[in-house]
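This report covers two topics: a set of paired strands and the surroundings of a bound ligand. The structure is shown first.

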Amino acid sequence: MKWKGDRIAFEVYGTSHAPEIGVKATGLPAVAFDIVGLRDFMDRRRAKKAAYSTPRLEADEPEITLSEKEFCAVIKNGNVKSSDYNELYGIPRPSHADYAAHLMDGRLDFSGGGEFSGRLTAPLCVLGYMAKCYLRGRGIRVSAWVSAVGTVKGATYKSGLTEEMLSAGEKGEWSPLHKGEMLDEITRAAADKDSVGGRIECAVTGFPGGISGGIFGSLEGKISSILYLIPAVKGVEFGAGFDLAAMRGSVANDPLRIEGGKVTVIKNDAGGINGGVSNGNAITLGVSVRPTPSIAMKQQSVDLVKKENVDISIKGRHDACIVPRAVPVVEAAVAIALADALLEEEK
Ligand SMILES: Cc1cc2nc3c(=O)[nH]c(=O)nc-3n(C[C@H](O)[C@H](O)[C@H](O)COP(=O)(O)O)c2cc1C
């Protein structure tokens, strides 16, 4: 996973079953952070003994080294169990990256998903936490929450952004509304040997207006380009996003008014961005997360060695739903992109 912005560049390296994974980054100024805050943030992504998450439990304690030029964080992979994949040698899991990776470099060993594993989002979270601290120092808050799991809908900024949505993550919660029903939906999918996806929403408050995504770049493009590095993210929308397609201009437009001597953009269907430039409103976005590809239910695949059709049922340790664990990863991605945009503006 590699990304290069206008000021920040990072590389997340390693694979799910390698001895370690990590991140190397340049361009983000050293920030004051507290280790407890970092642990709490990492803990939100970590698999716990919850119905939705993999039984693979990892400590996720990063070792951080800072120099003037580079930020590095290393995380040891402790709980590796490659034997789960022995039966899958040469057999790609449908809709995981296995077959696409085989086309890329001819690989037949798909153990742990290699570099396409969700595990690599742990180092991304370490860097994202630093970016969040950098933004917090400027009064900018980045908050994400689960707004739907399968067909169960929870809190959405589309009906008005609330403090519950903004503070859910800070309180260690992943959903401000209907969490119990969402958990039931995940348990039902797991009982059917299946998986379920959902929607994560993110809001950024305090971000100044007039910040673009760099020369010829858009802020939406910059944010999305990191969000799409997160495995299982298949859609991103800003503000009313895809709903705008069915609206009339008179409904979709966000009116401008003077309030208390200040220009205010009333309503926020644009998601705080016009023409790729922030307009001073909260930046709001929604992310669609696919159902976990690895499921225990019988599925059709192929044996690439024997060149024959096979039916597979995946045994390993997998999340029945990725969505709750991906919430801090979305915050991390958005924070890195916005820190890059601000640094470029302030250079
Ligand atoms: C935190 C996290 C955990 C994940 N856990 C799993 C998992 O246990 N099993 C699985 O098949 N995919 C898992 N994924 C998703 C796959 O890595 C992803 O679907 C795959 O790489 C294909 O990429 P794509 O869905 O973006 O096309 C996880 C993703 C994230 C972000």
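## Strand pairing

Two strands count as paired if DSSP finds at least two bridges between them. The model described here is predicted.

Strand β2 covers residues 9-13 and strand β3 covers residues 20-26; the two run antiparallel and are joined by 5 bridges. One bridge places A9 with its partner T26 in β3. Together β2 and β3 make a hairpin, with 6 residues lying between the strands. In that turn, G14 has a positive phi of about 100°.

Strand β3 also pairs with strand β5, which spans residues 71-76. This second pairing is antiparallel as well and has 6 bridges. Within this pairing, A25 stands opposite F71 of β5.

## Residues around the ligand

The ligand is surrounded by 18 residues, and those that come nearest are A232, K234, S294, H318 and D319. By residue class, the shell consists of 7 nonpolar, 7 polar and 4 charged residues.

## Polar contacts and burial

Oxygen atoms of the ligand lie close to backbone atoms of the protein at two residues named here. For F116, a backbone N or O atom is 3.0 Å from a ligand oxygen. For A232, a backbone N or O atom is 2.9 Å from a ligand oxygen. A232 is also one of the residues that come nearest to the ligand.

H318, another of those nearest residues, makes its contact through the side chain: an N or O atom there lies 2.9 Å from a nitrogen atom of the ligand. Taken alone, the ligand exposes 630 Å², and the protein buries 89% of that area.

Key: Residues numbered from 1 in each chain as written. Predicted model: local features only at pLDDT ≥ 70, side-chain atom pairs only at ≥ 80, totals over all residues. Heavy atoms only, no water. Helix = DSSP H or I, 4+ residues; strand = E, 2+ residues; numbered from the N terminus. Near = heavy atom within 4 Å. Polar contact = N/O pair within 3.5 Å; in protein donor to acceptor, adjacent residues only side chain to side chain. Areas by Shrake-Rupley, 256 points an atom, 1.4 Å probe, with all protein chains shown as cover. Nonpolar A, V, L, I, M, F, W, Y, C, P; charged D, E, K, R; others polar.
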